[in-house]
Amino acid sequence: MAIRVQTEDFDAGSELRRLRAGDRTIGAVASFVGLVRDLASAPVAEMVLEHYPGMTEKSLAAIVSEAQARWPLLGAAVIHRVGRLRAGEQIVWVGVASAHRKEAFAACEFIVDALKTRAPFWKKEYTPDGPRWVEARPADEQAARKWEGGDDESAQRS
Amino acid sequence: MLKLLYFARLRENLGVAAEQIALPAGVVDVETLARHLRARGDAWARELAPGRPIRAAVNQSMAREETRIRDGDEVAFFPPVTGG
C-alpha cells in the first residue's frame, strides 16, 4: 500500500505502471484522478488545500486497509496533494489493482468516497469575490454511506 | 496536559492553530471539552456553538461527542472535511 501526501504534482501514467509492476496475476487496474474545477459562475483562480499532518496519512491508510479487507486487491495507492493549486491541476489520484475489473472499480470508488468524508483535508478557494472555505456537500456523505453494511453486491450500485 | 489543534475556518476565526492546556477539571470527553472552550466567549462561543457543523479527532482518529479524553491526548477541532 502506498500513501503519499505532497505538494508536488504527480504523473498518473508512471503511478499506474508502478502499481502493477512485478505482479502478473493482476488482471485489472482502475484509477481515479480528481482535478481543481473552474466554474463559469464563480471562477476559482486558485485554491489552498490544508490538512492535518499525521492524521491525514493515518486515515488514508485506514481507508485503503478497509478496501483491502473488503475486496481481494493486489495493490492500492493514494496520492493527495496539499498547498496551493490552480484550476485544472490534479488534486488526488487513487489506483487499485486486482485480478478482475469488478473489484478494482468498486474498491477505487469506495476509497474516493471514503476519503472525501473521512480524510482531514480542507479546501479554501480564492475567487474574484475573495477567499472562501469550501462547504462539505451532503451528496458526499450520501456517497460514503452507501458503502455501509456488509453486502458489497447490493452496496455497490444502490 | 492536552494538545489542542484547530484547522481551516476554525483556525482562522479562533486565531489559534495549536495550544497546550492543563486538563481542565470536569473535562472527560469531547462534549465537555467543547463546553470548556466555549466558556472563553467571543469567537470560541460562536465557532463551537452547539449545532455548528464541527468535527473532532482524538489522537488523530475521528471522534464523537462522547469520545473519552485523557491527560496527554491530542484533540483537534475542525469543520467537515472537503478533500478529494
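## Strands, helices and the chain B contact side in a predicted model

In this predicted model, Ile3(A) has Val78(A) as its bridge partner in S4(A).

Q: How many bridges join S1(A) to strand S4 of chain A, and in which sense do the two run?
A: The pair formed by Ile3(A) and Val78(A), the latter in S4(A), is a bridge. Strands of a sheet pair through backbone hydrogen bonds, either parallel or antiparallel. Strand S4 of chain A covers residues 73–81, and its link to S1(A) consists of five bridges, with the two strands running parallel.

Q: Which are the edge strands of the open sheet of four strands in chain A?
A: The open sheet has mixed pairing, and its strands follow the order S1-S4-S6-S2 in chain A. An edge strand here pairs on one side only, and this holds for strand S1 (2–6) and strand S2 (28–35) of chain A.

Q: By how many degrees are neighbouring strands of this sheet turned against each other on average?
A: The strands concerned are those of the open sheet with the order S1-S4-S6-S2 in chain A. With direction ignored, the average turn between neighbours in this sheet is 5 degrees.

Q: What angle does the direction of helix H1 of chain A make with that of S6(A)?
A: Helix H1, residues 12–20 of chain A, packs on the sheet and touches S2, S4 and strand S6 (90–98) of chain A. Relative to S6(A), the direction of helix H1 of chain A makes an angle of about 25 degrees.

Q: At what angle to S4(A) does H2(A) run?
A: H2(A) lies across two strands of chain A, S1 and S4. These two strands are joined to each other by five bridges. With respect to S4(A), the helix H2(A) runs at about 155 degrees.

Q: Which residue is the bridge partner of Glu50(A) in S7(A)?
A: S3(A) and S7(A) pair over six bridges in the antiparallel sense. In S7(A), the residue bridged to Glu50(A) is Trp122(A).

Q: Which residue is the bridge partner of Lys124(A) in S8(A)?
A: Strand S8 of chain A, residues 130–133, runs antiparallel to S7(A), and four bridges join the two. S7(A) and S8(A) form a hairpin, with two residues between them. Within S8(A), the partner of Lys124(A) is Trp133(A).

Q: Which element gives the largest share of the side of chain A that touches chain B?
A: In chain A, 22 residues are in contact with 14 residues of chain B. The elements that give two or more residues to this side are strand S3 (46–51), helix H2 (55–70), helix H3 (101–118) and strand S7 (121–127) of chain A. The residues of this side divide into 13 nonpolar, four polar and five charged. The largest share, five residues, comes from H3(A).

Q: What span does H3(A) reach from its first C-alpha to its last?
A: H3(A) has 18 residues, for which 26 Å is expected at 1.5 Å a residue. Buried residues in H3(A) include Phe110(A), Ile111(A) and Leu115(A), and also Glu103(A), Asp113(A) and Lys116(A). The reach of H3(A) is close to the expected value, at 25 Å.

Q: What radius of gyration does chain A have?
A: The C-alpha trace of chain A spans about 50 × 35 × 30 Å along its principal axes, and 31% of the 158 residues count as buried. Because a compact globule with 158 residues would have a radius of gyration near 15 Å, the value for chain A agrees with that expectation, at 16 Å.

Methods
Residues numbered from 1 in each chain as written. Chains lettered and ligands numbered in written order. Predicted model: local features only at pLDDT ≥ 70, side-chain atom pairs only at ≥ 80, totals over all residues. Rg over C-alpha atoms; globule rule 2.2 N^0.38 Å. Buried ≥ 20, exposed ≤ 12 C-beta atoms within 10 Å, placed from the backbone. Contact = placed C-beta atoms within 7 Å. Nonpolar A, V, L, I, M, F, W, Y, C, P; charged D, E, K, R; others polar. Pairing = 2+ DSSP bridges. Axes fitted to C-alpha atoms, helices over the stretch in contact; angles between N-to-C directions. Expected span 1.5 Å × (residues − 1).
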